[in-house]
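Here are some exercises to work through with the sequence and the structure side by side. Try each task on your own before you read the solution.

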Amino acid sequence: MAELGSKGVTAGKIASNVQKKLTRAQEKVLQKLGKADETKDEQFEQCVQNFNKQLTEGTRLQKDLRTYLASVKAMHEASKKLTECLQEVYEPDWPGREETNKIAENNDLLWMDYHQKLVDQALLTMDTYLGQFPDIKSRIAKRGRKLVDYDSARHHYESLQTAKKKDEAKIAKAEEELIKAQKVFEEMNVDLQEELPSLWNSRVGFYVNTFQSIAGLEENFHKEMSKLNQNLNDVLVSLEKQHGSNTFTVKAQPSDNAPTKGNKSPSPPPDGSPAGTPEIKVNHEPEPASLDTPGAAIPKSPSQPGDVTEAGGTKPVAVLEGAKETAASDGASSSLPAVVVETFPATVNGTVEGSTPSKRSDLPPGFMFKVQAQHDYTATDSDELQLKAGDVVLVIPFENPEEQDEGWLMGVKESDWHQHKELEKCRGVFPENFTEKVQ
């Protein structure tokens, strides 16, 4: 007992507390069974319901505000990485480099300032607002216990008064305990009856101030960020004007799955080879020539790759070569200009002229030549071919030549064609500079 006394706790105090708990438990059981009446205060119960509702709403608001702040921080980091990327790719000799670096710095500072002000003017205020609820919640619970004590003392006093054999000393002591219990309860009850309605009404002003602060901070943030974005846009416009010949126009892609695209610019291959048009292997335009030999070939701009015009019509390049040999053997006085022409198989209605149907039946209609992918190419739209280095592609013409973009070809992967034999399922466009002609 001496040890308990040194800690400020006595055996009598412990016994008293245990007795109070037993008495309260008995009183609650009797009240639930309907054997003892319970003091009710409907107005106070309504205040408690409002308090619990207010606490739930405030706790949710605090949670969502913290989520919002976490999102702002995440956006700050993402924006910072984006501007750092721009700084890294912005070459030193480009105009506006210093302005770009300054914009990136101000962008970072603006995000930091916005986050800090949200913490100071919204989150800390929110924490202060919710900080008052735990104490009041504890006092409401204590009031409930004191109400049970008051009811128990009242019932004990009434039972002694109605007993057949009255004990005046016990009645007097019971009355004293009743008065004491009533006083403690009423003091707590009066305080809470004043505080709870006041706290409930304060929620309106708190919500107004909190959301006004958030809205004002966000509005100012976006105004300042808009200015930075406009400055960045001006810098990039200036860069575009001074280096217009090296830029490509980026346009939104259509949402439909059209087989061909418009305004495409081929992506450069991984090795850095420049994108461009197919290589034309013609040394120069042929000069007019007169051949004495009848039926000699007269070169002209071919309507198809590898074709020339003879006096009697259009023939493959092989006819031109034969005419040259004949003229040489006959000692013709006229000479042909030196023309090196990339020979392509001549096609008629989708088949190669001069080849047997059995040899070309495994090729798609309109087949022109084969290419092999030198680099992997990742398709960025549904009408593009996905290529892996080594893939063989059968090149075919565009249905509408006007839809062909510079540096792009239409084709079908050889493996897909052998498997499906259907152009609609297999064909697609691909950048020519990712491939090399093999046939």
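Two strands pair if DSSP finds at least two bridges between them. Keep that cut-off in mind, and remember that this is a predicted model.

**Exercise 1. Follow the strand pairing**

Task: Find which strands pair with E7, and in which sense they run.

Solution:
- Step 1. Begin with strand E6 (residues 369-373), which is joined to E7 by 4 bridges. That meets the cut-off of at least two, and the two strands run antiparallel.
- Step 2. Look for facing residues. Phe369 stands opposite Val395 in E7, and Val371 stands opposite Val393 in E7.
- Step 3. Now turn to strand E8 (residues 408-413). E7 and E8 are joined by 4 bridges and run antiparallel, with Ile396 opposite Met410 in E8.
- Step 4. Go back to E6, which also pairs with strand E10 (residues 435-437), in the antiparallel sense and over 3 bridges. Here Val371 has Lys437 of E10 as its bridge partner.
- Step 5. Check the cover. In E7 (residues 392-396), 4 of the 5 residues are buried; in E6, 4 of the 5 residues are buried.

**Exercise 2. Build a ring cluster**

Task: Classify the ring pairs Phe51 with Phe133 and Tyr129 with Phe133, then place them in a cluster.

Solution:
- Step 1. Count first: the structure holds 10 aromatic pairs.
- Step 2. For Phe51 and Phe133, the ring centres are 5.3 Å apart and the planes stand at 35°, so this pair is tilted.
- Step 3. Locate the two partners. Phe51 sits in helix H3 (residues 42-89) and Phe133 in helix H5 (residues 133-162); they are 82 residues apart, and the pair links distant parts of the chain.
- Step 4. Ask about cover: Phe51 and Phe133 are both buried.
- Step 5. For Tyr129 and Phe133, the centres are 5.5 Å apart and the planes stand at 70°, so this pair is edge-to-face.
- Step 6. Compare with the cut-off for buried, under 20% relative accessible area. Tyr129 has 6% and is buried; Phe133 has 1% and is buried.
- Step 7. Put the pieces together: ring pairs link Phe51, Tyr129, Phe133, Phe206 and Tyr207 into a cluster.

**Exercise 3. Buried or partly exposed?**

Task: Decide whether Asn189 and Lys421 are buried or partly exposed, and describe where each one lies.

Solution:
- Step 1. Asn189 belongs to helix H6 (residues 168-242).
- Step 2. The relative accessible area of Asn189 is 12%, so Asn189 is buried.
- Step 3. Leaving aside neighbours within four places in sequence, Asn189 is in contact with Asp41, Phe44 and Arg143.
- Step 4. Lys421 is found in the loop between helix H9 (414-420) and helix H10 (423-426).
- Step 5. Lys421 has 40% relative accessibility, so this residue counts as partly exposed.
- Step 6. Look at the backbone too: phi of Lys421 is near 60°, a positive value in a residue other than glycine.

**Exercise 4. Look for disulfides**

Task: How many disulfides does the structure hold, and are Cys47 and Cys426 buried or exposed?

Solution:
- Step 1. Recall the bond itself: a disulfide is a covalent bond between the sulfur atoms of two cysteines.
- Step 2. The structure holds 0 disulfides.
- Step 3. Cys47 has 11% relative accessibility, so Cys47 counts as buried.
- Step 4. Cys426 has a relative accessible area of 5%, so Cys426 is buried.

**Exercise 5. Take in the whole chain**

Task: Sum up the chain, then find stretches that call for caution.

Solution:
- Step 1. The secondary structure comes to 10 helices and 10 strands, and 31% of the 439 residues count as buried.
- Step 2. Among contacts with a separation of 6 or more, 69% are between residues 24 or more positions apart.
- Step 3. The accessible surface is about 28200 Å², and 52% of this surface belongs to carbon and sulfur atoms.
- Step 4. The average pLDDT of the chain is 76, and 64% of the residues score at least 70.
- Step 5. In residues 1-7 the pLDDT is below 50, and this stretch has 3 contacts beyond near neighbours in sequence. In residues 247-262 the pLDDT is also below 50, with 21 such contacts in the model.
- Step 6. Where pLDDT is low, the predicted coordinates should not be read in detail.

How values were computed
Residues are numbered from 1 along each chain as its sequence is written. This is a predicted model: local features need pLDDT of at least 70, side-chain atom pairs count only at pLDDT 80 or more; totals for chains, interfaces and linings use all residues. Side-chain values use heavy atoms; hydrogens and water are left out. Buried means under 20% relative accessible area, exposed over 50%, partly exposed in between (1.4 Å probe, protein chains only). Contact means heavy atoms within 4.5 Å. Accessible areas come from the Shrake-Rupley method with a 1.4 Å probe; for residues, only the protein chains shown count as cover. A disulfide is a pair of cysteine sulfur atoms within 2.5 Å. pLDDT is the predictor's confidence in each residue, from 0 to 100. Rings of Phe, Tyr and Trp (its six-membered ring) pair if their centres lie within 6.5 Å; planes under 30 degrees apart count as stacked, over 60 as edge-to-face and the rest as tilted.
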